[in-house]
Structures are given as structure tokens and as C-alpha cells.
Amino acid sequence: MEYKIIVAGIGPGHPDYILPAVQRAIAQASCLVGGQRALSTLAKSHQKCIPITKDLSALVTSLQVALKHTSPVVLVSGDPGFYSLLAFLRRHFSPQQLCVLPGISSLQFLFAKLALPWQNARFISLHGRQPQQEILRDKRHTLGILTDNFYNVQRITQLLIEAGWPADTTIVIASQLSYPDEKIITCSLQEALSLSPRKNSILVVLT
């Protein structure tokens, strides 16, 4: 039998937004790979768990070993094709060794909450990445932005103002999407500068 690495998108967080195909893959897996929160939420006692840490070379080794006797399921938040571990795995495993199951990205979820079409929006991740100035300066399209602790709401808001966005531009700030403590704030760029920082926020900048 040929085993594959199953890269499964687990959506924005709440189990209600995990696709049935992903739920089946998780239930049938003997080995789950993922962040601590995903493993603690989704893993069963009989399943071997491999936590994802900063040591990604060790992850590659663990997956190579697991592939000899099973199809490990790698849990990634949102959708695997959108700023996830999939790009890294593609550098170390062939497409034939990977089976990708899509999920709902946090930005897709937020656009749905806002009843906002997203086919013409532009997306950027500042989660561990440098700003793409060409996208930040593009005021023709609604922007969807992933943040991190350094490029937080306030820092990104300042970058947008410096890139030429008017201070009264409407921005939507969301955190903990799909969880009971979900919070969505709509305000101007100027108002966002004075908000208290929140972890794991995503932004939508409206044109």
C-alpha cells in the first residue's frame, strides 16, 4: 500500500467549520501532526501525535518515518493552500506523496460574516513576512491581511496610512473567529491606531 501525507485544512477553529472529508481523515488516522491546540482539540487517545514546533527539519524526519507504515494527517489552520505548511512540505515531498484536503480560511470566513464578495479582493500575510508595498499601496481593491505579534493591527494601520490610504478608510478587525469569544470591530484607520492590541487578528480594509 502506498502511504501519503494528508494535509488537512481544519478551518478557522470551531469544529463546525471542518469539512466532512477532513473529519473522516482525522477519525481514520493513526498519526496526527499539528499545533498543540489542534492536537488537544481533535486527537483521540489511541492516535499518535506529532506536535509541530519551530524545528521543521525534525518534522520532515518524523513524516518520512511515519510514511513507512501509515498516512499521517497534518492539521493546518484555515486552508492548506493559503499561507500554511503546504508550501514547506512541497519543498521536501513530491506532489504524488501529498493528499490535500481543503478547509475554510479565516479570511474567507470573515468575508462571509461581512456578506462581502471576495473574488476581487487582494490578500497579504504579514505573519512572519515583510510587507509587500505594491499591495499595501493598491487602494483599488479591498485588502485582506493576516497579522502577527510584530505586524499587529496598530503597526499595519500606520503602514497603510503611510502608503496613502485616507485616515477615515473603514477597516474591519477580527479575532478568535468562530470561537465563543469571537470579536469583530469596524472602525476607521485613525481609530484603529488607539485600539488595544489583540493576538491572532485579521484585517479587512474596505475600498
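Below is a short chat about a predicted model, covering its five-stranded sheet, its cores and Ser-178.

Trainee: What is the strand order in the open sheet of five strands?

Mentor: The order is β6-β7-β10-β8-β9. Pairing is mixed.

Trainee: Which strands stand at the edges?

Mentor: β6 (122-125) and β9 do. Each has a single partner strand, so one side of each is left without a neighbour in the sheet.

Trainee: By how many degrees are neighbouring strands turned against each other?

Mentor: 20° on average, with direction ignored.

Trainee: How many bridges join β6 to β7?

Mentor: Four. The two strands run parallel.

Trainee: And what stands opposite Ile-124?

Mentor: Ile-145, in β7.

Trainee: Okay, helices. Where does α5 lie?

Mentor: Helix α5, residues 106-113, lies across β6, β7, β8, β9 and β10. It runs at about 55° to β10.

Trainee: What about α7, which strands is it touching?

Mentor: α7 packs on the sheet and touches β7, β8 and β10. Its direction makes about 25° with that of β10.

Trainee: Switching to cores. How many residues has the largest nonpolar one?

Mentor: It has 20. Ile-145, Leu-160 and Ile-171 have the most contacts inside it.

Trainee: Which elements give two or more residues to this core?

Mentor: α6 (133-136), β7 (143-146), α7 (153-162), β8, α8 (189-192) and β10 (201-205). The largest share comes from α7, with four residues.

Trainee: What is Ile-171 in contact with, leaving aside neighbours within four places in sequence?

Mentor: The list includes Thr-157, Ile-185, Leu-189, Ala-192 and Leu-203. Val-204 and Val-205 are also among them.

Trainee: Which residues does the second, separate core include?

Mentor: Val-7, Ile-50, Leu-59 and Ala-66 are included. That core has 18 residues.

Trainee: New topic. Where is Ser-178?

Mentor: Ser-178 is in the loop between β8 (170-175) and β9 (183-188).

Trainee: Is that serine, Ser-178, buried or exposed?

Mentor: Buried. Its relative accessible area is 10%, and the cut-off for buried is under 20%.

Trainee: What does the side chain of Ser-178 reach?

Mentor: The backbone nitrogen of His-14, at 2.9 Å.

Trainee: And which residues is Ser-178 in contact with, leaving aside neighbours within four places in sequence?

Mentor: Pro-12, Gly-13, His-14, Tyr-17 and Phe-109. So His-14 turns up twice: as a contact, and as the residue whose backbone nitrogen the Ser-178 side chain reaches.

Methods:
Residues numbered from 1 in each chain as written. Predicted model: local features only at pLDDT ≥ 70, side-chain atom pairs only at ≥ 80, totals over all residues. Heavy atoms only, no water. Buried < 20%, exposed > 50% of the residue type's maximum accessible area, 1.4 Å probe, protein only. Polar contact = N/O pair within 3.5 Å; in protein donor to acceptor, adjacent residues only side chain to side chain. Contact = heavy atoms within 4.5 Å. Core = buried A, V, L, I, M, F, W, Y, C linked by side-chain atoms within 4.5 Å. Pairing = 2+ DSSP bridges. Axes fitted to C-alpha atoms, helices over the stretch in contact; angles between N-to-C directions.
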